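Subject: Structure handover

Hello,

I am passing on the structure below, together with notes on what was found in it. Please read the notes with the structure open.

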Amino acid sequence: MNYDSLSHPYPSRRMPVYAKNGMVATSQPLAAQAGLQILRQGGNAIDAAIATAAALTVVEPTSNGIGGDAFALVWTQGKLHGLNSSGPAPQSISIDALQKAGVSEIPKYGWIPVTVPGAPAAWAELSAKFGRLPLTEVLRPAIEYAEHGYPLTPVLGYFWKRAFEVYSETLKGEEFKAWFDTFAPQGRAPRIGEVWRSPDHARTLQLIAETKAEAFYRGELAERIDHFSRQSGGYLRKEDLAAFQPEWVDPICVNYRGYDVWEIPPNGHGLVALMALNILKGFEFSARDTVDTYHKQIEAIKLAFADGKKYIADPRSMSARVEDLLSDAYAAERRRLIGRTALQPEPGQPPRGGTVYLCTADGEGNMVSYIQSNYMGFGSGLVVPGTGIALHNRGHNFTLDPAHDNRLEPGKKPYHTIIPGFLTKDGQPVGPFGVMGGFMQPQGHVQVVMNTVDFHLNPQAALDAPRWQWMQGKTVEIEHSAPAHVAEALARMGHDVKWAVGSGGFGRGQIIWRQANGVLVGGTEPRTDGQVAAW
């Protein structure tokens, strides 16, 4: 992919970044610099990804933390590897146990939605399998940020303040006290430009680094998590932590106009993006900002999500096979449903047979697409006292319907929204990409891939372009920078079009492509505090 023009079709303060020795793209400048620091110290792209991810738990705690999950796609030595480091529900929780406790739906906050965190295990596993530097060196930038503090950036400060307001209204139990002690030590959210530090977070990261995450799953930190859970009515136990292992999985893909688009298989919903692209490849698109393009993209996403929400679950519980959902025959069947008016999405019957994203690349050919999250901002609202560990609430995605594929069961992984993406062509890497943001993620993947492949936009322009997001039924939100005539025409076609206020719900993406000459070209999200750090 070569870009010979300075022209940029969408308003942006940024141009794509070019470099040949290494590159880190993520949503927070200090985290990007942490990854770059590790590259310059002799680490590879995998080391840089770990360093960036650990730093993000400190410098963007509004979206992720030590107590969250992680997924990665790693290109190294001519092969793409997939890592699923999402944790299961505790063994002591079940539909029956919750019903007996009078719980009719899984709440957002508290212990009920907390599943086993996978992020620390992901760092250790990636380091052991592909890293070059010791984990103690790779996590040092994150430890220093936590110990000495850093000033809040604008987008970070906005979401921190918003989370504090919500939690102040919602989280009333004693079990939530440690969250306020950690993230609002002055009785309010830290302000933009103010310095926040977390010595507890620093000590926890040091323990994880020194023990290669053993302390978190089978040592001191596991004991602390277990004690806090027992003390405050939780379900998570040290036995759940000790039993956890990240899984190496075979990535799944579809071929879209000569490019292979790769995702992690379920329990993640990268499958939704692939199903939508499989539908869309049967159409021709003349330009990006047309009514026909928007309409068909939205309809394809609606159909893919209808299937995803019905079938995606822990793969051991899925009633439909991935290969059937991605078959050309099934895509053709779904494609025929797309007409000139907005449809009400329903799942088909296939044949039977606030997340952070980062990407890194080095001069040796290694590339990483990595994503981790606490879900819904800070997560469950629970922080393990004295540790800085904010626990996620990923179990909120389970259903209590016993007939559903994604029903809650002990030791089962939930439907997961965080998905890293990767692009190859003719067996060679083009590079990592991702758009974080809950159920926006597969929609962002589809739009970024099409911006790149169909409309030939450089990485920065592909991210700057206006986005839309299907919400439910026939409702779609459109970013304020989209053409007004397109929105008006979509409304006439039966879409319930909502103009979005702000850009917070449209995801935050990063891209690094490798050109044929080995030069790296990267773009970062204009909707956040992002940066491409390179040398």
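An open sheet in this model, which is a predicted one, has 7 strands in the order E1-E20-E19-E15-E14-E9-E8, and the pairing is antiparallel. At its edges stand strand E1 (17-19) and strand E8 (252-256), each with a single partner strand, so one side of each is left without a neighbour in the sheet. From one strand to the next, the twist averages 20°.

At the E1 edge, E1 and strand E20 (residues 520-524) run antiparallel and are joined by 3 bridges. Tyrosine 18 has valine 521 in E20 as its bridge partner. Helix H17 (residues 441-453) packs on this sheet. H17 touches E8, strand E9 (259-263), strand E14 (421-425), strand E15 (428-436) and strand E19 (508-514), and the direction of the helix makes about 140° with that of E15.

Another open sheet of 7 strands has the order E7-E4-E3-E11-E10-E2-E21, again with antiparallel pairing. Strand E7 (247-249) and strand E21 (531-534) are its edge strands, each pairing on one side only. On average, neighbouring strands here are turned by 15° against each other, direction ignored.

Inside this sheet, strand E10 (residues 356-362) pairs with strand E11 (residues 367-373) in the antiparallel sense over 6 bridges. Leucine 358 stands opposite tyrosine 370, which belongs to E11. A helix is in contact with this sheet as well: helix H1 (residues 29-40) lies across strand E2 (22-26), E10 and E21. H1 runs at about 160° to E2.

For the protein as a whole, the secondary structure comes to 19 helices and 21 strands. The radius of gyration is 22 Å, close to the 24 Å that the globule rule gives for 535 residues, so the protein is as compact as a globular protein of that length. Along the principal axes, the C-alpha atoms fill a box of roughly 60 × 55 × 45 Å.

Next, the empty space. The largest cavity has a volume of about 50 Å³. Its lining is made up of Met275, Asn278, Ile279, Ala304, Asp307, Leu325, Tyr330, Ala331 and Arg334. Helix H13 (270-280), helix H14 (291-311) and helix H16 (328-335) are the elements that give two or more residues to that lining. By class, the lining has 6 nonpolar, 1 polar and 2 charged residues.

The second largest cavity has a volume of about 30 Å³. Among the residues that line it are Ser27, Glu60, Thr153, Phe159, Arg508 and Asp529. Helix H7 (residues 154-170) provides the largest share of this lining, with 3 residues. The lining divides into 3 nonpolar, 5 polar and 3 charged residues.

As for pockets, the second largest pocket holds about 320 Å³ of space. It is lined by 20 residues, and the closest to its centre are Pro88, Glu247, Arg316, Gly411 and Lys413. In this lining, 10 residues are nonpolar, 5 are polar and 5 are charged.

Which elements does H1 lie across? They are E2, E10 and E21, and E21 is also an edge strand of its sheet. This may be a convenient place to start looking.

Regards

Notes: Residues numbered from 1 in each chain as written. Predicted model: local features only at pLDDT ≥ 70, side-chain atom pairs only at ≥ 80, totals over all residues. Heavy atoms only, no water. 1 Å grid on protein atoms, 1.4 Å probe; cavity = no way out; pocket = protein on both sides within 12 Å on 5 of 7 lines; lining within 4 Å. Points joined across faces, edges and corners; volume = space filled by probe spheres on them. Nonpolar A, V, L, I, M, F, W, Y, C, P; charged D, E, K, R; others polar. Pairing = 2+ DSSP bridges. Helix = DSSP H or I, 4+ residues; strand = E, 2+ residues; numbered from the N terminus. Axes fitted to C-alpha atoms, helices over the stretch in contact; angles between N-to-C directions. Contact = heavy atoms within 4.5 Å. Rg over C-alpha atoms; globule rule 2.2 N^0.38 Å.
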